[in-house]
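Student: Could we go through this model together? I would like to begin with the sheet and then turn to the nonpolar cores.

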Amino acid sequence: MLSLIQLLDDKKCFRVVRELRWPDGVDCPHCHAPHVVKQGRDDTQRFRQRYRCLNCQRKFDDLTGTVFAGHHQPLRQWVACLYLMGLNLSNRQIAHELSLNEDDAQDMTRSLRQGVVDASTTPTLSGTVEIDEVYLVAGHKGQSDLVKKNPVLDADDA
């Protein structure tokens, strides 16, 4: 049986990351200048492009500043993990499907979820907004007098 991870292509994964990250062309993640030059490929991941910013002279690659950066798992593992999370699989199931240690799967899903939260913007309401008031009492711990029935009020209700 062919596993999901075997169907993913490193070259396509990196191409998609570049297209989504830099739709208007590569810019420096540090100073956001568009003046960058390619500086070869990564030694361990041959489709991972390296760059150098001509403005600030800092070096970076396709994954710098993303949730994928600084981890030992290949990008295709991250993409597969993201896909399986979309299917609402548990971390244990994801670990099994990707032949990962459960702790690694937990770390990956935590990082991906945090990346989504970090990338999300706070919603801003506009126009007419209606709200209702709601008062919730969580409990009366240590205040038993407040929850005792009042016989005078109960008789008036009848």
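Tutor: What follows is a short discussion of a predicted model.

Student: How are the strands of the open sheet ordered?
Tutor: The order is β1-β2-β3, three strands in an open sheet with antiparallel pairing. β1 (36–41) and β3 (59–61) each have a single partner strand, so one side of each is left without a neighbour in the sheet. On average, neighbouring strands are turned by 35° against each other, direction ignored.

Student: And how many bridges join β2 and β3?
Tutor: Three bridges, in the antiparallel sense. R52 stands opposite K59, a residue of β3.

Student: What about C53, is it buried or exposed?
Tutor: C53 counts as buried because its relative accessibility is 0%, where the cut-off is under 20%. The residue belongs to strand β2, which spans residues 49–53.

Student: Which residues does C53 touch beyond four places in sequence?
Tutor: Its contacts are C28, C31, A33, H35, V36, R58 and F60. H35 is 18 residues from C53 in sequence, while their C-alpha atoms are 6.1 Å apart.

Student: Changing topic, which residues have the most contacts inside the largest nonpolar core?
Tutor: They are F68, L75, C81, I94 and L98, in a core of 19 residues. Two or more residues come from each of α2 (10–21), α3 (75–86), α4 (91–97) and α5 (102–119). The largest share, six residues, is that of α3.

Student: What does L98 contact, leaving aside neighbours within four places in sequence?
Tutor: L98 is in contact with Q77, A80, C81 and L84. Another core, of six residues, lies apart from the largest one and includes A33, Y51, C53 and F60.

Terms used
Residues are numbered from 1 along each chain as its sequence is written. This is a predicted model: local features need pLDDT of at least 70, side-chain atom pairs count only at pLDDT 80 or more; totals for chains, interfaces and linings use all residues. Side-chain values use heavy atoms; hydrogens and water are left out. Helices (H or I, at least four residues) and strands (E, at least two) are DSSP runs, numbered from the N terminus. Buried means under 20% relative accessible area, exposed over 50%, partly exposed in between (1.4 Å probe, protein chains only). Contact means heavy atoms within 4.5 Å. Two strands pair if DSSP finds at least two bridges between them. Axes are lines fitted to C-alpha atoms, for helices over the stretch in contact, and angles run from 0 to 180 degrees between N-to-C directions. A nonpolar core is a set of buried Ala, Val, Leu, Ile, Met, Phe, Trp, Tyr and Cys residues joined through side-chain atoms within 4.5 Å.
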